[in-house]
Amino acid sequence: MDLYACTSFPLSVVLFDLDGFKTVNDTYGHDTGDRLLALLSSIMKSILRETDISFRQGGDEFCVLFQDTEQKYPLAVMERVLERFQKEQVKLIDKKDKVGFSGGCGCFLSTDRSSRNALARADVLLYEAKKQAKGQILYAKSH
């Protein structure tokens, strides 16, 4: 089933992955990496609204769907998630190995016939964020 058919609009999607996660696994072990992923999930659950949908796509990649919202809201929420994640992870790893994340935020446009269009836009922006400067969520400036 396409996400397009089962959501309310406006809808934004954020794709992001962790910056420096491989270093954590290599330095502290996969158990610590798993605890770091669990910490991030817990933080997202406490900050996101009940109507927002978040899931791990695999590895250190995540997706969050924000229903009934414009892009400003997801960007502000993800900033809060990142700030809290960076503050709380020092319980698991040394400050010098701090992990952040980079991502892209795409919106479903009225011309979209499938959720894949917005996901593709978010994916392109994710890779652009990784290339430009890690630790940011880029978004499409036009709707």
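Trainee: What makes the end-to-end distance of helix H3 (residues 72-88) agree with its 17 residues?

Mentor: Helices here are DSSP runs of H or I with at least four residues, and strands are E runs of at least two, numbered from the N terminus. The expected span is 1.5 Å times one less than the number of residues. For H3 that gives 24 Å, and its end C-alpha atoms are 25 Å apart, so the two agree.

Trainee: What kind of model is this?

Mentor: It is a predicted model, where local features need pLDDT of at least 70, side-chain atom pairs count only at pLDDT 80 or more, and totals for chains, interfaces and linings use all residues. Residues are numbered from 1 along each chain as its sequence is written, and side-chain values use heavy atoms, leaving out hydrogens and water.

Trainee: Which residues of H3 are called buried?

Mentor: Buried means under 20% relative accessible area, exposed over 50%, partly exposed in between (1.4 Å probe, protein chains only). Pro74, Leu75, Val77, Met78, Val81, Leu82, Phe85 and Glu88 are buried in H3. They cover an arc of only 165° around the axis, so they lie on the same side of H3. The arc is taken from the directions from helix axis to C-beta atoms. On the other side, Lys72, Glu79, Glu83 and Lys87 are exposed.

Trainee: Which residues touch the most other members of the largest nonpolar core?

Mentor: Such a core is a set of buried Ala, Val, Leu, Ile, Met, Phe, Trp, Tyr and Cys residues joined through side-chain atoms within 4.5 Å. The largest has 27 residues, and Phe16, Leu40 and Phe101 touch the most other members. H2 gives the largest share, seven residues.
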